[in-house]
Amino acid sequence: MASPEEVDAMRRAIDLARTPGVALGPNPRVGCVILNPIGTQIAQGFHRGAGSPHAEVVALAQAGAAALGATVVVTLEPCRHTGRTGPCTSALIGAGIARVVFAQSDPNPIAAGGADELRAAGIAVESEVLSEMAEELNVPWTIAVGRGRPYVTWKSAATLDGRIAAADGSSRWITSPEARAQVHTLRDEVDAVLVGTGTVLADDPALTSRSDDGSLRVRQPVRAVMGLRPIPADAKLLDGAAPTVQLVTRDPREALQLLYQSDVRHVLLEGGPTLASAFVSAGLVDRVIWYVAPALLGAGANALGDIGVTDVGAIRRLQVTAVSQVGPDVRIDARFEGLT
Ligand code: AOF
Ligand code: ZN
């Protein structure tokens, strides 16, 4: 059982984990607090992203010799692998830590197993303390690492009658400036934005993350294009404003695999109906963010093409997780039933 002081410390560790903002790339957000034997905090730390020291190592450095006999409270099971940095288990054992309290078990098969190693070294270990709160910190990362493929958020913007373009193909703009500004914030929170070559040829999108004044944000997601057709040399995607990769495949699974190999853990799917249909059909969409403009186009392209549903018995239902109004538009966040 974790003591009340340890549970309080876990709350602080969860707050610390949030400090660097959204988790990006291959590493989760992690926070750590060290308590002396009477439950007073003596050190703290948080992880600042891939390549930087893990939260436990930051806190241990701050505690110095006082770590001997102390309790480490950390939001994620300490890792036992040598990745970009050394194993946290060795650092904890070496510092003479007496007890480790953690929240979420590490879903990463390469890093997992730390708890057993600590126990084998004679350290008392308490797990699953405020684990749901801690998992909330890293939902896309947890799902991506557990599945071994990036977490996929599909964003779409359509009229009330589900159209994403008019009969002549024109589509700018269906949703409001407010909704479009939110999309730039979404891009800021993912590792890659994915479209098909068809969208590049039809719309020539920039796919950068821009502030309200139109200026480029400091961090840019990778612009990923999948498909076999070449990207025209004068396409905006090749303007150098952000990294661009072409995934020379039409297979969604292969595209995600390539992205995962280059450390992408969260993808924003922004392509047209063909790409969206392929991902939905393959069961590769985790979350949907849908902007609905209170407008009608009648004829024109549908937001989604064939997903293999021919009779209503095979309908694909989603669970709504949030509804909000964005300017004149409505945003619906949903996930597919059976998926987290
Ligand atoms: C921890 N504490 O603060 C973090 C952990 O490539 P590396 O060495 O940075 O390792 C990344 C993996 O280690 C990551 O996928 C996750 O499993 C774990 N992250 N573990 O004990 C931390 N950030
Ligand atoms: Zn570690």
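Visitor: Which residues of strand S10 (residues 266–269) point one way, which point the other way, and are they buried or exposed?
Guide: His 266 and Leu 268 point one way from S10, Val 267 and Leu 269 point the other way, and all are buried. In a regular strand the side chains alternate between the two faces of the sheet. The model is predicted: local features need pLDDT of at least 70, side-chain atom pairs count only at pLDDT 80 or more, and totals for chains, interfaces and linings use all residues. Residues are numbered from 1 along each chain as its sequence is written, chains are lettered from A and ligands numbered from 1 in the order in which they are written, and side-chain values use heavy atoms, without hydrogens and water.

Visitor: What makes strands S6 (residues 151–159) and S10 a pair?
Guide: Two strands pair if DSSP finds at least two bridges between them. Four bridges join S6 to S10, and these strands run parallel; the criterion is therefore met. Strand S7 (residues 192–196) is also joined to S10 in parallel, by three bridges. Within S10, Leu 268 is the bridge partner of Thr 153 and also of Val 193.

Visitor: Why is Thr 71 called buried?
Guide: Thr 71 has a relative accessible area of 10%, and buried means under 20%, exposed over 50%, and partly exposed in between (1.4 Å probe, protein chains only). Thr 71 is therefore buried. The residue lies in strand S3 (residues 71–76). Neighbours within four places in sequence set aside, Thr 71 is in contact (heavy atoms within 4.5 Å) with Glu 6, Val 33, Ile 34, Leu 35, Arg 99 and Val 101.

Visitor: Why is Ala 235, in the loop between strands S8 (222–226) and S9 (244–247), also called buried?
Guide: The relative accessible area of Ala 235 is 5%, so the residue counts as buried. Beyond neighbours within four places in sequence, Ala 235 is in contact with Val 200 and Asp 204. The C-alpha atoms of Ala 235 and Asp 116 are separated by 52 Å.

Visitor: Which residues of helix H6 (residues 139–147) are buried, and what covers them?
Guide: Trp 141, Thr 142, Ile 143, Ala 144 and Val 145 are the buried residues of H6. Their cover includes S3, strand S4 (99–104), S6 and helix H9 (252–261). Helices are DSSP runs of H or I with at least four residues, and strands are runs of E with at least two, numbered from the N terminus. Gly 148 follows H6, with a positive phi near 70°.

Visitor: What makes the approach of Ala 55 to ligand 1 a polar contact?
Guide: A polar contact is a pair of N or O atoms within 3.5 Å; within protein, one must be able to donate a hydrogen and the other to accept it, and residues adjacent in sequence count only if both atoms are side-chain atoms. A backbone N or O atom of Ala 55 lies 2.7 Å from an oxygen atom of the ligand, so the distance satisfies the cut-off. A backbone N or O atom of Cys 79 lies 2.9 Å from a ligand oxygen atom, and a polar side-chain atom of Asn 108 lies 2.8 Å from one. The protein covers 97% of the 510 Å² of accessible area (Shrake-Rupley method, 1.4 Å probe) that ligand 1 has on its own.
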